[in-house]
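Trainee: Please take a close look at one aromatic cluster with me, and follow the chain outwards from there.

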Amino acid sequence: METSVACFARGTILPSVASQHTTSFASPRTISPSFTTKSLKSSSLFGEALRVAPRSSLRVSKAQKISVITKCEIGESLEDFLAKATPDKGLIRLLTCMSEAIRTIAFKVRTASCGGTACVNSFGDEQLAVDMLADKLLFDALTHSHFCKYACSEEVPELQDMGGPVEGGFSVAFDPLDGSSIVDTNFTVGTIFGVWPGDKLTGVTGGDQVAAAMGIYGPRTTYVIAIKGFPGTHEFLLLDEGKWQHVKETTEISEGKMFSPGNLRATFDNPDYDKLINYYVKEKYTLRYTGGMVPDVNQIIVKEKGVFTNVISPTTKAKLRLLFEVAPLGLLIENAGGYSSDGTQSVLDKVIVNLDDRTQVAYGSKNEIIRFEETLYGSSRLKVPVAV
């Protein structure tokens with residue numbers, strides 16, 4: 001089966017697109033020699049009306065500030081939700097194109113052949129490891145959105161020119177398939193991405209993101225979105241007919257005894273982390289840890305409680321990348337009413353100096369992040385001093 005990604009418009013995104021039909025994509029943009037991509041064809045694999053808009057039909061003006069936020073509704077489509085969540089049609093198109101790539105990745109992960117050291121599937125005439133296949137699909141989706149200026153991924157950690165505008169355009173960083181090493185065990189894996197305005201992915205913070213999202217490939221396929229300035233983190237379920245339906249809105253992360261402790265080997269020579277883990281065990285927290293960052297963080301949003309930690313030590317250095325994983329997940333958690341920390345500050349306040357910057361992190365409810373910071377560093381910025 002030929003792999004494909006198509007960005008669709010059913011009249012709710014760009015009315016001018018619905019009346020046009022394009023049989024071929026625009027040429028891919030200039031990309032560094034380390035990355036190549038093939039033009040993809042329109043597909044009816046997941047239903048009708050999957051179309052790609054010609055660049056000439058896309059026009060974006062600066063979004064006007066809105067004084068009234070329209071409340072989203074459970075059960076509505078992704079297109080209807082995005083129309084309410086942001087007036088920026090360029091952002092709507094980019095998030096829609098990424099949803100199409102995520103839908104195709106879900107199918108490719110579900111039908112991958114696993115053997116030896118890799119899980120593979122078809123990409124045109126090629127057989128690729130599923131993480132590289134996901135990488136190509138996402139780059140293609142961003143190219144054909146026409147609103148991505150630069151993109152980079154964990155697999156291709158160099159800025160790639162996607163051909164979009166600087167003014168009114170975006171730059172995107174993504175982890176194409178977080179947890180790809182556990183696809184063969186049939187654990188849940190996922191895609192993570194963050195969207196920044198303009199043409200910068202360094203010298204910015206996670207707080208500068210205009211949107212972040214996860215694609216989650218498990219027993220269900222879901223698309224979890226946070227848009228800056230719009231309340232809540234929102235989950236969309238992929239239905240049998242290939243459409244996305246809004247099924248959950250999370251606006252508060254409450255207290256609850258559930259923990260996901262990453263990098264436990266750090267407890268060997270980080271006594272403070274060891275103390276924190278022992279606290280969870282002593283207080284009879286429920287252990288919910290898969291080894292995949294996407295499901296382990298997503299469960300905090302879905303269950304609306306809990307804490308995820310991944311801590312460093314003198315012999316176990318930071319592995320999680322700020323740009324590709326930590327900052328996008330930080331926006332998803334904080335938009336949902338939760339908190340994040342690198343030990344002393346929100347991960348959304350950390351400046352991304354290099355594309356490969358790495359950090360330790362915790363996500364969870366307010367009290368859990370206070371406990372994390374106090375246990376590891378003796379105090380918490382979130383704890384209000386008691387007046388004497």
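Trainee: What is the relative accessible area of Tyr-279?

Mentor: Tyr-279 has a relative accessible area of 28%, so it is classed as partly exposed, a class between buried (under 20%) and exposed (over 50%; 1.4 Å probe, protein chains only). Before going further, note that this is a predicted model, in which local features need pLDDT (the predictor's confidence in each residue, from 0 to 100) of at least 70, side-chain atom pairs need 80 or more, and totals for chains, interfaces and linings use all residues. Numbering starts from 1 along each chain as its sequence is written, and side-chain values use heavy atoms, without hydrogens or water. The mean pLDDT of the protein is 86, with 81% of its residues at 70 or more.

Tyr-279 belongs to one aromatic cluster together with Phe-259, Tyr-280 and Tyr-285. The whole structure holds 10 aromatic pairs, a pair being Phe, Tyr or Trp (six-membered) rings with centres within 6.5 Å, called stacked if the planes are under 30 degrees apart, edge-to-face over 60 and tilted otherwise. In the pair of Phe-259 and Tyr-285, the ring centres are 6.2 Å apart and the planes meet at 85°, which makes the arrangement edge-to-face. Phe-259 is part of strand E13 (residues 258–262), whereas Tyr-285 sits in the loop between helix H5 (271–282) and strand E14 (286–287), so this pair ties together parts that are 26 residues apart in sequence. Helices (at least four residues) and strands (at least two) are DSSP runs numbered from the N terminus.

Both partners of that pair are covered: Phe-259 has 6% relative accessibility and counts as buried, and Tyr-285, at 10%, counts as buried too. The rings of Tyr-279 and Tyr-280 form another pair, with centres 6.3 Å apart and planes at 70°, and so these rings are also edge-to-face. The two tyrosines of this pair fall into separate classes, since Tyr-280 is buried at 0% relative accessibility while Tyr-279, at 28%, is partly exposed.

Now turn to the strand that carries Phe-259. E13 is mostly covered, with five of its five residues buried. This holds for both of its faces: Met-258, Ser-260 and Gly-262 are buried on one side, and Phe-259 and Pro-261 are buried on the other. E13 runs parallel to E14, and two bridges join them, which is the number that pairing of strands requires at least, by DSSP. Within this pairing, Phe-259 stands opposite Leu-287 of E14. Phe-259 thus faces Leu-287 across the strands and also has Tyr-285, from the loop between H5 and E14, as its ring partner.

Beyond E13, the backbone deserves a look at Asn-263, which lies in the loop between E13 and H5. Its phi is positive, about 50°, although Asn-263 is not a glycine. With 13% relative accessibility, Asn-263 counts as buried. Another positive phi, near 70°, is found at His-146, again a residue other than glycine. His-146 lies in the loop between helix H4 (130–145) and strand E4 (148–153), and at 4% relative accessibility it counts as buried.

To return to your residue, Tyr-279 is a partly exposed member of a cluster whose other members are Phe-259, Tyr-280 and Tyr-285.
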